[in-house]
Amino acid sequence: MDWKARAEQLKTDVPALWLCLREKETPLLAKVLAAVTVGYALSPVDLIPDFIPVLGYLDDLVILPALAALALRCIPKETFERCRGEAAGMWADGKPKRWYYALPILVLWVLAAIFLVKLVLHLL
């Protein structure tokens with residue numbers, strides 16, 4: 001599979017991983033890996049910032065697909081295929097129909113920001 005096809009596949013796989021989190025057939029390790037993958041995909045912060053030429057996009061080309069592949073290995077095939085089918089409809093009209101799936105990530109970043117502000121204020 002070429003890079004372009006894999007990138008298109010990730011548009012369905014990442015939301016499918018999110019949907020796998022709510023499935024009881026998904027093992028705990030797979031849920032943790034799926035949560036990390038979805039969190040990294042939705043996160044505005046990258047391991048390597050995008051403004052660094054070439055290397056900035058390396059994490060998007062390597063790390064995210066690697067995390068997704070690792071999570072996929074731990075999820076039962078039937079469960080993932082069912083979630084992938086549900087996720088395929090999320091990108092109709094170019095945007096997810098269920099935007100509220102990003103809320104836990106947003107809450108996580110808000111909590112992290114609050115923690116950092118408190119830490120800085122405590123150190124001052």
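Q: Which residues have the most contacts inside the largest nonpolar core?
A: Keep in mind that this is a predicted model. Its largest nonpolar core holds 20 residues. Within that core, the ones with the most contacts are L17, I75 and F80.

Q: Which helix gives the most to this core?
A: Four helices chip in here: α1, α2, α3 and α4 (77-88) each supply at least two residues of the core. The top contributor puts in seven residues, and that helix is α1.

Q: Which residues does I75 touch, leaving out those up to four places away in sequence?
A: I75 is one of the core residues with the most contacts, and so are L17 and F80. Both of those turn up again among the partners of I75. Skipping residues up to four places away in sequence, the full list for I75 is L17, C20, T26, A30 and F80.

Q: Is D13 buried or exposed?
A: D13 sits in helix α1, which covers residues 3-20. Its relative accessible area comes out at 0%. The cut-off for buried is under 20%, so D13 counts as buried.

Q: What does D13 touch, not counting residues up to four places away in sequence?
A: Start from where D13 lies, which is helix α1. One of its partners is F80, a residue that also ranks among those with the most contacts inside the largest nonpolar core. With residues up to four places away in sequence set aside, D13 touches R6, L72, F80 and R84.

Q: Is α2 roughly parallel or roughly antiparallel to α3?
A: Take the axes of α2 (residues 28-42) and α3 (residues 55-74): they come within 8 Å and cross at roughly 160°. Angles over 145 degrees fall in one class, so α2 is roughly antiparallel to α3.

Q: How many nonpolar residues does the contact of α2 with α3 have?
A: On the α2 side, the contact includes L29, L33 and V36, and on the α3 side it includes D59, I63 and L67. Sorted by class, there is one polar residue and one charged residue. The nonpolar count is 14.

Q: Is the crossing of α2 and α3 left-handed or right-handed?
A: These two helices have axes that come within 8 Å. As α2 passes α3, the crossing is left-handed.

Q: How many helices does the protein have?
A: Reading from the N terminus on, the elements run α-α-α-α-α. The strand count is zero, and the helix count is five.

Q: What percentage of the residues in the protein is buried?
A: The protein has 124 residues. D13 is one of the buried ones. Overall, the buried share is 30%.

Conventions
Residues numbered from 1 in each chain as written. Predicted model: local features only at pLDDT ≥ 70, side-chain atom pairs only at ≥ 80, totals over all residues. Heavy atoms only, no water. Axes fitted to C-alpha atoms, helices over the stretch in contact; angles between N-to-C directions. Parallel < 35°, antiparallel > 145°, perpendicular 65-115°, else oblique. Left-handed = near helix turned anticlockwise from the far one by under 90°. Contact = heavy atoms within 4.5 Å. Nonpolar A, V, L, I, M, F, W, Y, C, P; charged D, E, K, R; others polar. Buried < 20%, exposed > 50% of the residue type's maximum accessible area, 1.4 Å probe, protein only. Core = buried A, V, L, I, M, F, W, Y, C linked by side-chain atoms within 4.5 Å.
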